[in-house]
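Subject: Structure handover

Hello,

Here is the structure for your set. My notes on it follow below the structure itself.

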Amino acid sequence: MRLVVVESPAKAKTINKYLGSGYKVVASYGHIRDLLSKDGSVRPDDNFSMVWEVKSNGKKHLQDIATQLKTCDELLLATDPDREGEAISWHIKELLRENNKLKIPFKRIVFHEITKGAIKEAIANPRDIDSSLVDAYLARRALDYLVGFTISPILWRKLPGSKSAGRVQSVALRIIVDREQEIEAFQKKEYWSIEAKFEAKNKKLFAARLIVHEGKKLDKFSIVNAKDANSIKNSLLSQKFFVESVETKVVKRNPAPAFITSTLQQEASRKLGFSAKKTMQLAQNLYEGVDVNGETTALITYMRTDSVNLSREAIDKIRELILEKYGKDFLPEKPRFYQTKVKNAQEAHEAIRPVDSTITPDSLRGKINADLHKLYSLVWKRAVACQMSSAEFDQVQVDIADDRKNVFRANGSTLKFEGFIRVYVEGQDDQSEEEETEGLLPPLAKGDSTPMKNLEALQHFTTPPPRFSEASLVKKLEELGIGRPSTYATILQVLQDRGYAKLLKKLFIPEVRGRLVTSFLTNFFSRYLEYGFTADLEQSLDDISNGSKSKLEILKNFWKEFCENVAQTQDIKISDVIDKLNETLGEFLFRTEDGISRTCPECKSGELSLKMGRYGAFLGCSRYPDCGYIKKLDSSPTTESDGEIASSSEYPKFLGNDPVDGGEISLRKGPYGLYIQKDKKSESVKKKSEKEKPPRASIPNFINVANIDLNLALALLQFPKILGTLEGEEVKIGIGRFGPYVLFKGKYASAPKSTAIFDMTLDDAIALIKSKNK
């Protein structure tokens, strides 16, 4: 009889059905023991030996394993195929030996998918516990413990009200804080563009932008004020334009590789709105097995991986499915193989894929939990798409010129062949105006006359860098080589649990406490918040795991330098810390409408300074108790970013009066974001109960808030509007939750996500309706 030990009862249940009567399968319920949570549990003077403590429920689970061993003649440790899994197996083995319970042979078995074939193969090829992987785990635990239990008490003493510091978590927090400071320091820059509407031979209008003026090439900031913009505009009004050149080319777009842990978290955030934590919980369920028609079935491979590799067997099965389901045109001649872009990826692992690609998302609809189905669909589509043909686009670039060396450029693209797009399109975190999907262009040929029908000088402003979402922060951590697949979700959750950062509309905003801790650590422990240092330490842990460096060598080198740094902070007074924070956080703490000022607004003679109280940080006057002025610090952002302004104190913002009826047009902020509202002039004298609901319009995401003026607001208030009739039915155009749309006979057709929506004609709308019905 063989005893197989895994982490979870769900995994045990799935594996048990594949093994015969000669096996017993039990669960350890994760880690059975952990470091004792008090100072002194890692002993640098004793070669970094560690003091372990069996968890309260771990004793019971260990006893269950020991009881089952009595009737078995071999122990198979089948925990997950990563460092944590190796560590769980090592802990179980060590505890059984210490308690004199391990009197039979034991082996370690590893598999990346829970299928009968994979488990049988793992049992046929057992190995010993990998001491290098265990050492890498022990080194990570030691480093995290030593940093946390050394710096945290210093934080508590020098910066009252702070919570703990973490080796990787503090660096992730710094990324969030640095970005917020970039946004606060950002100075928006004005620029203008000249855009025209030309008429093609078939009377269709198309948009183009001026790129050359009187022989001089224009870049983004060539036109920086209204005077210059209008001067250029006026010089073009009487010109006759023609098609100078038409360039067409076929552009191929290749599919992205199958998911690794970070990209799964990113896409689940973008497409499904799932947090990293929720994504990993669902993925764990899909890996360990879910109930499908009364039978426990594992649906995906192991979900903590940084390798984009797929097994040849999996590729062959996916290619067979593509040929059968989509046809030979969607199957490339040769399989696709990918190389990882992640630093220090463990290429022995596989990417996340369906265990059986013939189990399609449609076949599971209604048979498993809705969220599980959504995530499985994402994994299945990405894995299948990665082996499909490239998508092909016809791209057209048209230059429209006159005889004075003025050149406008229009770009358009059409999808020529779907390829992998039939199944899956990768999401994006941020999209600029220039990156928006290009629309169709009418037929144009060199030499064609193109009368100008409309000419505008448009004002724009640069926007600050966007705040991090969970998806983009994971991507940033991965790019920097900070953290590993098993740690991303935990890092993000800890930042929120400790009150260092919060998610506001799914974007990370640093809390006051997070800013203070980051500033303290940056000033007094700067070395340990450097991105490069943290990434290098991750590399060292990887070197330990592959046997190229020793655990003791890494720990000794780190501890020596770390102790020297800590010693330098012992004599620092709280007043020194406060002075440093006042200096480095001046932009955040003392910003006023007139700039940065520390003068007390109440007594006019005292100086404001950061104070630490039992209820958090605040600003107080140096003349206390003679002056009792205090200001509670707020983490709410006051700077425009991400297409919106988070501070509600600036709203409503008056934009002007409607020239037709004098109505007051304002930009306002509600619970769902910014919107335009039109009020009658006499509205303020009406009783509240007599008021009618005023006209309102939401702000579509393709419009930059900084560019909203009276004219644009009036244009938005026109929607939804009737363009005309077709077959006796109204054709309407509007802007909804997912962007512009055309509505006809109760059916919707998506319209281009750009300001071209304001100029859409009935003919344009009919063309969209017909393309939708093809």
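Leu-726 stands opposite Glu-729 in strand E32. That pair belongs to an antiparallel pairing of strand E31 (residues 721-726) with strand E32 (residues 729-736), which runs over five bridges. The two strands form a hairpin with two residues between them, and in that hairpin Glu-727 takes a positive phi near 55 degrees. Just before E31, the peptide bond that joins Phe-719 and Pro-720 is cis, with omega about -10 degrees. Pro-720 sits in the loop between helix H20 (710-716) and E31.

Please keep in mind that this is a predicted model.

Confidence

The chain has a mean pLDDT of 87, and 91% of its residues reach 70 or more. Two stretches to treat with care follow. Residues 431-437 have pLDDT below 50, and the model gives this stretch nine contacts beyond near neighbours in sequence. Residues 642-649 also have pLDDT below 50, with 18 contacts beyond near neighbours in sequence.

Sheets

One open sheet has four strands in the order E2-E1-E7-E8, with parallel pairing. Its edge strands, each pairing on one side only, are strand E2 (23-27) and strand E8 (106-108). From one strand to the next the twist averages 20 degrees. Strand E7 (residues 74-77) pairs with E8 in the parallel sense over three bridges, and Leu-75 is placed opposite Phe-106 of E8. Two helices pack on this sheet. Helix H1 (residues 9-16) touches strand E1 (2-6) and E2, and its direction makes about 165 degrees with that of E2. Helix H2 (residues 58-69) touches E1, E2 and E7, and its direction makes about 165 degrees with that of E1.

Another open sheet has three strands, ordered E22-E23-E24, and its pairing is antiparallel. Here strand E22 (608-613) and strand E24 (630-632) are the edges, each pairing on one side only. The twist averages 30 degrees from one strand to the next. Strand E23 (residues 616-621) and E24 pair in the antiparallel sense over three bridges. Within that pairing, Gly-620 has Ile-630 of E24 as its bridge partner. The loop between E23 and E24 holds Pro-625, and the peptide bond joining Tyr-624 and Pro-625 is cis, with omega about 10 degrees.

A further backbone detail concerns Phe-48, a residue other than glycine whose phi is positive, near 60 degrees. Phe-48 lies in the loop between strand E4 (42-43) and strand E5 (49-50).

Pockets and cavities

The second largest pocket holds about 1500 Å³ of space. Its lining has 49 residues, of which Glu-84, Arg-141, Asp-144, Thr-487 and Thr-490 are the closest to its centre. The elements that give two or more residues to this lining are strand E3 (33-35), helix H3 (83-98), helix H5, helix H9 (276-288) and helix H14 (488-497). Which of these gives the most to the lining of the second largest pocket? H5 does, with 10 residues. By type, the lining residues of the second largest pocket divide into 15 nonpolar, 18 polar and 16 charged.

As for enclosed space, a search of the whole structure finds three cavities of 30 Å³ or more. The largest cavity has a volume of about 90 Å³. It is lined by 13 residues, and those nearest its centre are Val-147, Ile-151, Gly-166, Arg-167 and Tyr-528. Helix H5 (131-158) and helix H16 (531-545) are the elements that give two or more residues to the lining of the largest cavity. H5 is thus named in the lining of the largest cavity and in that of the second largest pocket. The lining residues of the largest cavity comprise 10 nonpolar, two polar and one charged.

Regards

Methods. Residues are numbered from 1 along each chain as its sequence is written. This is a predicted model: local features need pLDDT of at least 70, side-chain atom pairs count only at pLDDT 80 or more; totals for chains, interfaces and linings use all residues. Side-chain values use heavy atoms; hydrogens and water are left out. On a 1 Å grid over the protein atoms alone, a cavity is a set of points where a 1.4 Å probe fits but cannot get out, and a pocket is an open set with protein on both sides within 12 Å along at least five of seven lines; lining residues have an atom within 4 Å of a point. Grid points are joined across faces, edges and corners, and a volume is the space filled by probe spheres set on the points. Ala, Val, Leu, Ile, Met, Phe, Trp, Tyr, Cys and Pro count as nonpolar, Asp, Glu, Lys and Arg as charged, and the others, Gly among them, as polar. pLDDT is the predictor's confidence in each residue, from 0 to 100. Contact means heavy atoms within 4.5 Å. Two strands pair if DSSP finds at least two bridges between them. Axes are lines fitted to C-alpha atoms, for helices over the stretch in contact, and angles run from 0 to 180 degrees between N-to-C directions.
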